[in-house]
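Good morning, and thank you for joining. I shall go through one structure today, chain by chain, and then turn to contacts and local backbone features.

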Amino acid sequence: MTDLSSSGTGRAGGTAHSNGRGLTGLLLVSAPVALLGWLIIYPIFNAIARTLFAPTQTGTAFSLDTYGRFFSDGYALANLWLTLWVTAVCAALLLAICLPLALYLRFAKSRVAGVVQGLALFPMFVPSVILAYALIRTIGPNGGVDLVLNALGLPKINSPYLTPWGPIIGLVWDNIPLTTLMLVAGLGAVSDNAVEAARDAGARPIALLRHIILPQIGNAMLVVLSFTVLSIFSAFTLPYVLGPASPEMMGPFMQRTFSQVMDPRMAVTQAVITFAICAVFGAFYVRSIAKNREARR
Amino acid sequence: MTAIDPSTLSAEVPVHRTKRPDWLGLALALALGIVVVIPLLVVAIWAFAEVWRYPSLLPQEFGFRFWQATLARPDVWAAMSLSLRLSVTVTLLSALICLPAAYAFARMDFPGRNLLFLSFLASHAFPKFGLLVAIAGIFLNLGLISTFWGVVLIQLVGTLMMMIWIPVAAFQNVDRAMEEAARDAGAGPIRVFWSVSLPQAAPTIFAAVLLSFVGTFYETEGAWLIGAPEIRTMPVLMITYINNQIVVQYGAVLSVLLWVPSFIALMFTRRLVGSGSFAKGFGV
Amino acid sequence: MAQLTLKNLGKSFDATDVIRDLSLDVADGELVCLLGPSGSGKSTVLRMVGGFETPNRGAILIDGEDVTRVPPEKRPTGMVFQSHALWSHMSVAGNVAFGLKLRGLPKTQIREKVGEALALVGLEGYGERRVWQLSGGQQQRVAIARALVLEPKILLLDEPFASLDQHLRERLREELRDIQRRLGITTLFVTHGQDEALALADRIVVLRGGEIEQVASPDRMYRAPQTRFVAGFIGSMNFLPCDMRGGVSDHPLFAVRATVPDGPVELAIRPEALTLLPARGTGARVHRVTDYGTHLLVDVDLPDGGRLKAMCPPSARYEPGQEVALEAGHVALFRGDAKLAEVTVERRVAVHV
């Protein structure tokens, strides 16, 4: 779909007078490319440079002081561990929820499937602030769930609000649509005929899943996983509103360091540390995009 | 073969009902319904509750008192108008710079095209909030922190990816022969773009523009980090209500107000979002 | 009116030659079919004439005027695409009127011309329909009307009926032929279906690997193919490898006399040029009989292990396993790709059809 050479027979534009056309093309893409360079690529290198070279009286010198401070600070490390733990739990929960959902959406042919798809997509259109507010009112202390339990004569729940489970529930809720969509797209690689042929050969649903479906969507699952990790690792709004104050997740921690502690250099150091941790997933993500586009060529 | 009189057979031929209720689907729909709808329903009830004391299952009194109170607050109106101005500015700018670029990526050949396009898709490969902090570090030196245009820039970057690859896919899906037929009929390249390529790609591009608009309207992190304390958009105001406001209903009323764009976006973009091509843009 | 000349055309994509060196003259009012297997470059030739590809070498002349570097919107050509390429956001009339509007014609005149063009393809009163409300055949008719309404000097058709079913294809083919005759418009038609080319063309150009294999009328193309490729590509043909020795072929069943230097040859015989007779001791046995209604096609196993097809009248009766004798009425001899000779044999047995 998004591969550039899908157009027709893959021949370069027929009437193109290649030189003039090439310049026009470059000119047309120059504005967004410049923005991309200035506000995504440059800040990343700038951040790394800024945190590695500290200003001194004689100019700038190589220094790892902020990194030293980060890794010797028990509070900062606790924040990092909390973030890693929340990310892992969210990714596991998302796969557990979205894989069955995606399998259903891929193979269901009934009209109910449309309703399920609509419901699964809906969270994409609910901003995280409203979600945070709604979750406070629902599973917070004396929230909707407590009201129902109380009316049934049952004890109140142990509210996840302001514990790590608060952001976990919120982040899972928020990420269901995109994760499901990506898995459904991945399942598109499994043809109906392949499944029918396997059933014809006597495969039961479990065998079908293990031997036919999962092997074909392995790469898609890894992409989904990387994407989920990248988006959850630096989530801000939900951890900020729903999460614990101490230790806190990296998003709110960076924000507080930047705006309240007024230590931009430390905040940027924390950002670079998140880049480094996500680099493995990011690299995998980019590699698989590039590979997909190559394959479709 | 002899013709068979159906009436002689109908008694013996077993008839099967091939449509069975989709129990699995109904169960999933119910589970999702509870998880997705209940939190929003609770908020909706709060928005119309005048008195709701624990542990009553439903509010003691319903009414519109807090709607009036919320809508009478000047900070709500200021935030609303600011958010709208921001979203319109960002979406227009984004369309202005991205649509021609998308056309170029889809139809023209120029050096570095694949690499540049890939770099747009790859901009997802960095944790977003960390990136925002890095940008904030630069904006601090440029004096863009806490300004309208600072927030515009940060949100513009957020729309770039979606406004590039969805239109690229839309333009690529336009049958090349349609454009050639227009050339054949006597239209120059620019006329072909206006009369054929753009109208053909328009529904998908419209969905992308709407998604960017709604996405910008709801964007919280950038506005909060770059805009604070001067620029207070709707979502930022909402956060302060959650943190500091004792009157629950203000937040509830605002939430219900903010659903409206969600629903509109859902209506108009579901076909695009539900299609496999949307997810493919994220690298699957 | 209009005459098309292609002079030494050459085109390469990514350093691969798609068209090597192609020259062709199309006379005024003539319908020429470009026929060839996929990858033979036939569509590329058409697209170069339409202006959608620029040739790397050579020139394209319309009425003696060089249009090689003229962009498609300024060429006096009208193209019908395989995918019909109608603009789905416009009505039927809107599609036909688009080019006229670009030329700035007054509204009444546009309406008149659109009506005429739609009437020409048998779609009066369909102007207000949406494109997707039409059937496949109707869509392709609109595409033809859209191309014709601009009164092009050259009409180009790129496998226009390929996506239609057999019956519809035959009907539209006849209608197109009538329209083309009536307007006397010079036409270049690309197809990979030999029956389409044989039915439509004044002249057929068979392309292979970017080069012209043979140019001839349908009649000559079928009955007197000049190369082994054309012989095998158009219609069905039996090829029997053997050796020529002293002016006679050494094939056990077909001893063909021809003044040809000694060496290996292939005997090319059409199924309808073969006559079957019940016989004994020939070693050739019927393998299978297929009834096509109008004729029978009999597969015969030869003693040397080869197999050939013979066409028989539907009244003939043959059983699998039955031994038969074969007689060839017309044989062409090929060595490599070149034709060496053509031999018409006096029939010794009258054939009753």
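**Burial, contacts and local geometry in a three-chain model**

Let me begin with chain C, where 39% of the 353 residues count as buried. Please keep in mind throughout that this is a predicted model. The secondary structure of chain C amounts to eight helices and 20 strands. Its C-alpha trace extends over about 80 × 45 × 35 Å along the principal axes. If we take the contacts in chain C between residues at least 6 apart in sequence, 63% of them link residues at least 24 apart.

The domain assignment divides chain C into domain 1, residues 4-228, and domain 2, residues 236-344. Taken over C-alpha atoms, the centres of domain 1 and domain 2 of chain C are separated by 39 Å.

One helix of chain C deserves a closer look, namely H4, residues 136-148. What span should its 13 residues have at 1.5 Å a residue? The expected value is 18 Å, and the end C-alpha atoms are 19 Å apart, which agrees. H4(C) is mostly covered, with ten of its 13 residues buried. Among the buried residues are C:Gln139, C:Gln140, C:Arg141 and C:Arg146, along with C:Val142, C:Ile144 and C:Leu148. The cover over the buried residues of H4(C) includes strands S6 (77-80) and S7 (154-158), as well as helices H2 (92-102), H3 (107-120) and H5 (166-183), of chain C.

I turn now to chain A. Its secondary structure comprises twelve helices and two strands. Read from the N terminus, the order of elements is α-β-β-α-α-α-α-α-α-α-α-α-α-α. The radius of gyration of chain A is 24 Å, whereas the globule rule gives 19 Å for 297 residues; the former is well over the latter, so chain A is more spread out than a compact globule. Along the principal axes, the C-alpha trace of chain A spans about 80 × 75 × 30 Å.

Of the 297 residues in chain A, 45% count as buried. For contacts in chain A between residues at least 6 apart in sequence, the share joining residues at least 24 apart is 67%.

An unreviewed UniProt entry annotates residues 80-285 of chain A as "domain: ABC transmembrane type-1". Over those residues the chain is 76% helix and 0% strand, and the end C-alpha atoms are 22 Å apart.

For chain B, UniProt, again in an unreviewed entry, places the feature "transmembrane region" at several spans, including 115-142 and 148-171. Residues 115-142 of chain B are 82% helix and 0% strand, with end C-alpha atoms 30 Å apart. Residues 148-171 of chain B are 100% helix and 0% strand, and their end C-alpha atoms lie 33 Å apart.

Next, the contacts between chains. How many residues of chain A and of chain B take part in their contact? The contact takes 98 residues from chain A and 91 residues from chain B. On the side of chain A that touches chain B, helix H1, residues 18-52 of chain A, gives the most, with 19 residues. By class, that side of chain A has 68 nonpolar, 27 polar and three charged residues.

Chain B also meets chain C: 14 residues of chain B are in contact with 17 residues of chain C. Two elements of chain B, helix H8 (176-184) and helix H9 (189-218), give two or more residues to the side that touches chain C. H8(B) gives the most, with six residues. By class, this side of chain B has seven nonpolar, three polar and four charged residues.

Helix H4 of chain A, residues 112-121, has buried residues that include A:Val116, A:Leu119 and A:Leu121. Their cover includes helices H3 (74-107) and H7 (165-187) of chain A, together with helices H2 (23-47) and H12 (248-274) of chain B.

I close with the backbone. Most residues other than glycine have a negative phi, and most peptide bonds are trans. The peptide bond from A:Ser246 to A:Pro247, however, is cis, with omega near -5°. A:Pro247 is placed in the loop between helix H10 (237-242) and helix H11 (250-259) of chain A.

In chain C, C:Ala15 has a positive phi of about 70° although it is not a glycine. C:Ala15 lies in the loop between strand S1 (4-13) and strand S2 (16-26) of chain C. C:Ala85 likewise is not a glycine and has a positive phi, of about 50°, and C:Ala85 lies in the loop between S6 and H2 of chain C.

Are these two alanines, C:Ala15 and C:Ala85, buried or exposed? C:Ala15 counts as exposed because it has 5 C-beta neighbours inside 10 Å. C:Ala85 has 24 C-beta neighbours inside 10 Å and therefore counts as buried.

How values were computed: Residues numbered from 1 in each chain as written. Chains lettered and ligands numbered in written order. Predicted model: local features only at pLDDT ≥ 70, side-chain atom pairs only at ≥ 80, totals over all residues. Domains from an automatic or database assignment. UniProt positions renumbered as here; feature names shortened; annotations may be inferred. Helix = DSSP H or I, 4+ residues; strand = E, 2+ residues; numbered from the N terminus. Buried ≥ 20, exposed ≤ 12 C-beta atoms within 10 Å, placed from the backbone. Contact = placed C-beta atoms within 7 Å. Rg over C-alpha atoms; globule rule 2.2 N^0.38 Å. Nonpolar A, V, L, I, M, F, W, Y, C, P; charged D, E, K, R; others polar. Expected span 1.5 Å × (residues − 1).
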